[in-house]
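I opened this notebook to keep track of what I looked up, one topic at a time. My entries begin with how much of a chain is hidden and end with two helices that touch.

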Amino acid sequence: METQTWHGLAMIIGVGITVVILGLAAVVLWKIFDGTIKLDDLISEDGKASLSRFQFLIFTFVVAGVFLLLSIESGTFVDLPNNVLVLLGLSSGSYVISKGIAENASRNRDRDPEATDPRDAPRPRTRRTRS
Amino acid sequence: MVVAFADVALPEVARFARVGLEIWLFGLALIVGWRLLVEGDAFRGLLASRIGAGIEPDRLQLLVASVSGAIVYAASAVQAVQQGASRMPDVPDALITVLATSQAIYLAGKISRRHS
């Protein structure tokens, strides 16, 4: 009798959790589809698409998607090979370094407000010696 | 009778959850890809360091390498799923080398443009 009760309870909880999770997932998907959840800044920075963000997004999506899919199919968390971690590290490291370069350039522009681009900054004056 | 019903129903609940999550995952990939394409300006200036500038070769090679690498890995993953693998497919060393070189060329190009 006790076993029957636990089995029934497990089934009710299982169904409840599944319905709640899938329901929330469907709502998120719908909001992305109709534009309520905006993806404008997913790969854009300051109105311009960022390649480092884009490649980071692609690899994160692919690796996470494969991990989730295989874990669901096998019913347990799958092992992550070292090279997959290296791949993610390369992608994220490149993104971080790219952001650092952009930040550095932005700080240079702030120090010299008249320069719109570091390449447009005024050249230092050279001293002319009288002959 | 309740025990027998639960023994049949619980695996079915698990299967329903599994199928539902897989459908959601594919749906998410499709919808995110579609919205990025529909947004219009989402990819503006992807291959140039400034809006209005021409295509830069270091950016183009990184885009090609990244998309190709992702497709190659996704294809090997689909094969693994079909074969019922319980482990994620490994990334070939050659692919790691190609992507690392591609990233280095892109960053070198970015740094050289800042200092030129």
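**Entry 1: burial and make-up of chain B.** I looked up burial first and found that 38% of the 116 residues of chain B count as buried, where buried means under 20% relative accessible area, exposed means over 50% and partly exposed lies in between, with a 1.4 Å probe and protein chains only. I then noted that this is a predicted model, in which local features need pLDDT of at least 70 and side-chain atom pairs count only at pLDDT 80 or more, while totals for chains, interfaces and linings use all residues. For my own bookkeeping, residues are numbered from 1 along each chain as its sequence is written, chains are lettered from A and ligands numbered from 1 in the order in which they are written, and side-chain values use heavy atoms, with hydrogens and water left out.

Chain B has three helices and zero strands, and from the N terminus on its elements run α-α-α; helices (H or I, at least four residues) and strands (E, at least two) are DSSP runs, numbered from the N terminus. Among contacts in chain B between residues at least 6 apart in sequence, 43% join residues at least 24 apart, a contact being heavy atoms within 4.5 Å.

**Entry 2: confidence.** I checked the predictor's confidence in each residue, the pLDDT, which runs from 0 to 100. The mean pLDDT of chain B is 80, and 85% of its residues reach 70 or more. Among the elements of chain B, helix 1 (residues 2–38) has the lowest mean, 73, and helix 3 (residues 93–115) the highest, 90. Chain A also averages 80, with 82% of the residues scoring at least 70; confidence there is lowest in strand 1 (residues 44–45), at a mean of 74, and highest in helix 3 (residues 82–111), at 87. For the model I wrote down ipTM 0.75 and pTM 0.71. I added a caution to myself: where pLDDT is low, the predicted coordinates should not be read in detail.

**Entry 3: chain A.** The secondary structure of chain A comes to three helices and two strands, which follow the pattern α-β-β-α-α along the sequence. Of the 131 residues of chain A, 32% count as buried. Among contacts in chain A with a separation of 6 or more, 37% come from residues 24 or more positions apart.

**Entry 4: the UniProt record.** UniProt, in an unreviewed entry, places the feature "transmembrane region" at residues 6–33 and 54–72 of chain A, and at residues 20–38 of chain B; the positions are given in the numbering used here, feature names are shortened, and annotations may be inferred rather than shown by experiment. I then looked at these spans in the model. Residues 6–33 of chain A are 100% helix and 0% strand, with end C-alpha atoms 40 Å apart. Residues 54–72 of chain A are likewise 100% helix and 0% strand, with ends 27 Å apart, and residues 20–38 of chain B are 100% helix and 0% strand, with ends 26 Å apart.

**Entry 5: single residues.** Is B:D58 buried or exposed? B:D58 lies in helix 2 of chain B, and it counts as buried because its relative accessibility is 10%. Not counting residues up to four places away in sequence, B:D58 touches B:I105, B:Y106, B:G109, B:K110 and B:R113.

A:I72 lies in helix 2 of chain A and, at 14% relative accessibility, counts as buried. With the same exclusion of residues up to four places away, A:I72 touches B:R18, B:L21 and B:E22. B:A14, in helix 1 of chain B, counts as partly exposed at 46%.

**Entry 6: two helices that touch.** Two packed helices are described by the angle between their axes and the distance between the axes. The axes of helix 2 (residues 51–74) of chain A and helix 2 (residues 57–82) of chain B come within 10 Å and cross at roughly 5°. Axes here are lines fitted to C-alpha atoms, for helices over the stretch in contact, and angles run from 0 to 180 degrees between N-to-C directions. The two helices are therefore roughly parallel to each other, since angles under 35 degrees count as roughly parallel, over 145 as roughly antiparallel, 65 to 115 as roughly perpendicular and the rest as oblique. Residues making the contact include A:L51, A:F54 and A:E73 of helix 2 of chain A, and B:R59, B:L62 and B:V81 of helix 2 of chain B.
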